[in-house]
Amino acid sequence: AKGSGVSGVSFFDHTANEGVERQHQIDLALKKAPIPGEFSLVYQPQYTAHSKQLIGMEALLRWNSSELGFVPPDAFISIAEENGVIIPLSEWVMKESIRQITEWNRRYGLSLAMGINISPLQLDDPRFVSKLDALLAEAGAEPKWINLEVTERSAMKGEKVLADLFKELSRRNISLSIDDFGTGYSSLSYLKRFEIDYLKIAKPLVDGLADNETDRQIVQAIVMIATALGLRTIAEGVEDESQLAILDHLGCDEIQGYFFGKPVNPQEFERLHLKRE
Ligand code: C2E
Ligand code: CA
Ligand code: CA
C-alpha cells in the first residue's frame, strides 16, 4: 500500500473495504458539518439552444469539509440521504437558491428560473409544498422563478401522492423537470399522468451525439415525445459546438453544459452571465 490517507487508509489500496471506510468517514463528517458553514452553492447557466439567451441556472451543492477537504456531491448526496442530513441540507439549498434568484431577478429586471435539485426523500415530506410556499413568501419570489429537478427514480414511486404533489406545484406555476431523462428505468406512461414541464436529457446521451447514431436517434425520439406531450427539453453536459448544433437541429429547446459555462460561485456567475446582458 502506498500513500497513507486519512485515518491511515491508503488512497491507492483499491480494496472493497476502502470504499466502505471512506463512506464511513463521509457519514461521520456529514453529521458534524455545520450548515451552511461548510457548504456553498455554485450556479450553472442554462441557455436557449437556438437564440442563445440566458433563461436560468441550476444550483449545485458544494461541500468543503474541515476534515475531508472537498468532497464532490456524487460522493456525499446518497450518504446524506441515508443518514438524514439531506433534510436540513436541502432546506438550506432551497432557501439560499430562492433568495439568490430573487436578488438577481430584481437587480437585473429579469425573470430567470432557478433549477433546484430535489431529493426523493423531500418529496415524502407531506409539508413539502407548504415549506416551499413559506420560502417563496419569505424571499418575495415569484413561483415561476423556480424549477424543481426530480429524477426518474422519484417519479416512479408513490404514484398518487406524487401526481397530487405535481399538480399542486403546477397550479402555483412552479415548473418541474425530470432530471437525467433517458437513463435508468424510464416509464413513458408517467409523462402523461404527471404534470411535468421539462425533460432534462441526460449527459451520457449528449456525450454520444456526435459519433453514436443510436444516441442521436434516442435524443431525437425524446424530443419528439416531448413535443407531442407539450413538454420542453433541456440537454445537460453539452461541451462543444457540434453537440449544440445537433441538439438545435433536433429541436431541443435549451442547453446546459460547459460550452455555455461551468458551475461557478455567485460573484462569477454575475460577472460572466448577468452583467453582460
Ligand atoms: P445533476 O443534477 O445531473 O447535475 C449535473 C452535473 O453535471 C453537475 O455535477 C455538473 O457540474 C455536471 N456538468 C454540467 N455540465 C457538464 C459538462 O458539460 N461536462 C461535464 N463533464 N459535467 C457537467 P455536480 O455538481 O458534481 O453534481 C452531481 C450530482 O449531485 C447532480 O447531478 C445532482 O444529482 C447531485 N446534486 C448536486 N447538488 C445537489 C443538491 O443541492 N441537492 C441534491 N439533492 N442533489 C444535488
Ligand atoms: Ca439536476
Ligand atoms: Ca442531470
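How many Å apart are the calcium ion (ligand 3) and the calcium ion (ligand 2), and which aspartate coordinates both? Let's work through this predicted model in a few exercises, beginning with that one.

**Exercise 1. Find the link between the two calcium ions, and list the donors of ligand 3.**

Solution.
- Step 1: Put the two ions side by side. The calcium ion (ligand 3) and the calcium ion (ligand 2) are 4.0 Å apart, and aspartate 179 coordinates both.
- Step 2: List the donors of ligand 3. Asp179 and Asp180 each appear with OD, and Glu236 is listed twice with OE, at 2.3 to 2.4 Å.
- Step 3: Read the spacing of these donor residues along the sequence, which is D-D-x55-E.
- Step 4: Place the ends of that pattern. Aspartate 179 belongs to strand E6 (residues 175-181) and glutamate 236 to strand E8 (residues 232-236); the pair is 57 residues apart and links distant parts of the chain.
- Step 5: Check burial, for which the cut-off is under 20% relative accessible area. Aspartate 179 is buried because its relative accessible area is 7%. Glutamate 236, at 14%, is buried too.

**Exercise 2. Do the matching analysis for the calcium ion (ligand 2).**

Solution.
- Step 1: Collect the donors. Glu58 (OE), Asn117 (OD1), Glu149 (OE) and Asp179 (OD) coordinate the calcium ion (ligand 2) at 2.1 to 2.3 Å.
- Step 2: Write the sequence spacing, E-x58-N-x31-E-x29-D.
- Step 3: Take the two middle donors. Asparagine 117 is in strand E4 (residues 113-117) and glutamate 149 is in strand E5 (residues 146-151), so this pair ties together parts that are 32 residues apart in sequence.
- Step 4: Ask about accessibility. Asparagine 117 has a relative accessible area of 30% and is partly exposed, while glutamate 149, at 3%, counts as buried.
- Step 5: Look beyond the donors at a neighbour of glutamate 58. The side chain of glutamine 256 makes a polar contact of 2.7 Å with the side chain of glutamate 58. Glutamine 256 is found in strand E9 (residues 254-256) and is buried, with a relative accessible area of 2%.

**Exercise 3. Describe how the protein surrounds ligand 1.**

Solution.
- Step 1: Locate the ligand. Ligand 1 sits in the largest pocket.
- Step 2: Name the nearest neighbours. There are 21 residues around ligand 1, and Gln44, Arg62, Asp179, Glu239 and Tyr258 come nearest. Asp179 is a name we have met already, as the residue that bridges the two calcium ions.
- Step 3: Pick out polar atom pairs. A nitrogen atom of ligand 1 lies 3.0 Å from a polar side-chain atom of glutamine 44. At leucine 61 the partner is a polar backbone atom, 3.1 Å from a nitrogen atom of the ligand. At arginine 62, a side-chain N or O atom is 2.9 Å from an oxygen atom of ligand 1.
- Step 4: Quantify the cover. Ligand 1 exposes 800 Å² when taken alone, and the protein buries 83% of that.
- Step 5: Sort the shell by element. Strand E2 (54-65), helix H2 (73-83) and E6 each supply at least two residues; the largest share, four residues, comes from E2.
- Step 6: Add a proline from helix H2. Proline 73 is found in that helix and is partly exposed, at 22% relative accessible area. Proline 73 and arginine 62 are 11 residues apart in sequence, with a C-alpha to C-alpha separation of 6.7 Å.

**Exercise 4. Which residues other than glycine have a phi near 55°, and where is a cis peptide bond?**

Solution.
- Step 1: Recall the background. Most residues other than glycine have a negative phi, and most peptide bonds are trans.
- Step 2: Consider lysine 52, whose phi is near 55°. Lysine 52 is in the loop between E1 and E2 and counts as partly exposed, at 40% relative accessibility.
- Step 3: Turn to aspartate 180, whose phi is also positive, near 55°. Aspartate 180 is in strand E6, is partly exposed at 29%, and is one of the donors to the calcium ion (ligand 3).
- Step 4: Find the cis bond. It joins isoleucine 35 and proline 36, with omega about 0°. Proline 36 is in the loop between helix H1 (16-32) and strand E1 (39-48).

Conventions:
Residues are numbered from 1 along each chain as its sequence is written. Chains are lettered from A and ligands numbered from 1 in the order in which they are written. This is a predicted model: local features need pLDDT of at least 70, side-chain atom pairs count only at pLDDT 80 or more; totals for chains, interfaces and linings use all residues. Side-chain values use heavy atoms; hydrogens and water are left out. Donors are N, O and S atoms within 2.8 Å of the metal (3.2 Å for Na, K and Ca); water is not among the atoms, so sites may look incomplete. Buried means under 20% relative accessible area, exposed over 50%, partly exposed in between (1.4 Å probe, protein chains only). A residue is near a molecule or strand if one of its heavy atoms lies within 4 Å of it. A polar contact is a pair of N or O atoms within 3.5 Å; within protein, one must be able to donate a hydrogen and the other to accept it, and residues adjacent in sequence count only if both atoms are side-chain atoms. Accessible areas come from the Shrake-Rupley method with a 1.4 Å probe; for residues, only the protein chains shown count as cover. On a 1 Å grid over the protein atoms alone, a cavity is a set of points where a 1.4 Å probe fits but cannot get out, and a pocket is an open set with protein on both sides within 12 Å along at least five of seven lines; lining residues have an atom within 4 Å of a point. A molecule sits in a cavity or pocket if more than half of its atoms lie within 2 Å of its grid points.
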